[in-house]
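This report describes how the parts of one protein chain are arranged. Please keep the sequence and the model in view while reading.

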Amino acid sequence: MADQDQTPYVDALLEFARSDPGRYNVPGHQGGVGSDEALRLLVGQSGLSDDIPTLIPGIDVGDPNPFEEAQALAAEAWGAKRTWFLVNGASQGNQSMCLALGHMGRTVVAQRNVHSSVIDGMVMAGLMPHFAAPEVDPELGIIHCLTPKALDEALADCPEAAAAIVVSPTYFGAAADVEGLAEVAHRRGVPLVVDEAWGGHLRFHPDLPRDAISSGADLVISSTHKIVGSITQSAMLHLSGDLIEEHVVDRCVSMTESTSPNSLLLGSLDAARRQAAVHGEELLTNTLAVLAEARAELDSMPGLEVIGNRLLERESVSAFDPLRLTIDVRGTGTTGYRVAEKLRETANINVELAADTVIVAVFGMASGLPTRARRLLDGIETTLGELEAERPDELPAFAPPPPWGEPRMTPRDAFLAAQDVVAFDQAEGRIAAEPLATYPPGVPNVLPGEVLTRETLDYIRESVEGGGFVRGATDRGLGTLRVVRES
Ligand SMILES: Cc1ncc(COP(=O)(O)O)c(C=O)c1O
């Protein structure tokens, strides 16, 4: 085992900056010389000095070099065969992943509510998706996970699939039975890709849901900036096993990446890895204790219930991540949107997510301090007091959606095709060129390449009229839709 208590890449950057190098290369601010005051205030002198370009011997040139050593340490920390540092988020991880799968076949099975970056990756790679439906919570109207049984059925229906793509944990903190999903995928001869954007910290504490690599996943996308604490936009891609070729993934990562990756973002991954590997368990123990108390206090506030063990009653959920405080606000007589808005107005508090029935507050791996929990709890209490005077909001009705329209072309062909803009009500029978997802719950009703059916158009119209909203359409008012031009 390498010594995880080192940060080779960060050290090399700091040493380079300290050596007062003559900077006659990019970036043009050249260590902050003559930078605008606003930039100096924003990033600080050290941020400018440490903004160091690529191809510097002793940093990322040489064999081995500190940059490669930092990625190797991350691979070891997350139990991967190889790890890539990414500077364009888990979104880049998903795009690289789709391009890599494109080398293995044309068709993939995917959980229907994969992140939009997966659909974008399919457009880039020309993949044809065969979708499997995640479980939707009938009470809360939020999306949970995919069951191994649903994945098995989808793979049986689609024997030509080259891989299976799932999401775990969810935005709301529900974790799938990834071991069961991996077992199903491997039995059917395909690799399992897990978008673990929300689970970079899972590996570092025994009381958290088991992480995807330990559960048998082959390729894992991690949005390290979300919970583990690197800088926004930095992420990692982890490869395990031999079902997906390493050099293909490597090429796909470089295809989706700037040739000038930012050293501060990359360095933040090296530092966040050290913190997680060396101090993660202790930090998480403290955070979990603080959040256990916070949960109990929130549960005692009238109208609130923190969703935790209740999630485990759902078939697709095998564990939940307690770093997410997913709070059911239905008992307050108002929506999660209104609670979140009021929380911002009255207490200057921002939560990660609001939906009709819930708000979700997120804690970082190391940020669960009693004072921070206190601020949130006091803010929520005050906000609830103020909301009491308001008229209750009507919750939108949530009816099960109709089946997805027939896929007639790949998302790529629909994206690149000549397109028409047609009146929403005239779109029946046309092939969609843009996605449409009604909230609640946010599972896409239509994806590019699928036929727009009367039933789906009516469903979307009715859910908007009933207080829901739709994401994905260029015309947010839904007067028109973009469709593929008929030849
Ligand atoms: C499941 C999932 N995958 C991928 C992403 C994209 O992550 P990033 O913002 O790091 O690009 C997100 C972002 O919220 C996500 O929720």
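The text below moves from the domains to a pair of helices and then to a sheet. The model is a predicted one, and the domain assignment of its chain gives the three domains listed here.

| Domain | Residues |
|---|---|
| domain 1 | 81–276 |
| domain 2 | 279–387 |
| domain 3 | 411–484 |

The C-alpha centres of domain 1 and domain 3 lie 26 Å apart, and the contact between these two domains takes 11 residues from domain 1 and 10 residues from domain 3. On the side of domain 1 that touches domain 3, seven residues are nonpolar, three are polar and one is charged.

Helix α4, which covers residues 89–101, packs with helix α9, which covers residues 246–255, at an angle of about 135°, and their axes are 8 Å apart. The two helices are therefore oblique to each other, and α4 passes α9 in a right-handed crossing. Which residues of α4 meet α9? They are Ser96, Leu99 and Ala100, and their partners in α9 are Val248, Val249, Cys252, Val253 and Met255. By class, the residues of this contact of α4 with α9 are seven nonpolar and one polar, with no charged residue.

Four strands form an open sheet in the order β9-β11-β13-β12, with antiparallel pairing. At its edges stand β9 (305–306) and β12 (353–354), each of which pairs on one side only. Strand β12 is joined by two bridges to β13 (residues 358–362), and these two strands run antiparallel. Within β13, Ile359 is the residue that stands opposite Ala354.

Conventions. Residues are numbered from 1 along each chain as its sequence is written. This is a predicted model: local features need pLDDT of at least 70, side-chain atom pairs count only at pLDDT 80 or more; totals for chains, interfaces and linings use all residues. Domain bounds come from an automatic or database domain assignment. Two residues are in contact if their C-beta atoms, placed from the backbone, lie within 7 Å. Ala, Val, Leu, Ile, Met, Phe, Trp, Tyr, Cys and Pro count as nonpolar, Asp, Glu, Lys and Arg as charged, and the others, Gly among them, as polar. Axes are lines fitted to C-alpha atoms, for helices over the stretch in contact, and angles run from 0 to 180 degrees between N-to-C directions. Angles under 35 degrees count as roughly parallel, over 145 as roughly antiparallel, 65 to 115 as roughly perpendicular and the rest as oblique. A crossing is left-handed if the near helix is turned anticlockwise from the far one by less than a right angle, and right-handed if clockwise. Two strands pair if DSSP finds at least two bridges between them.
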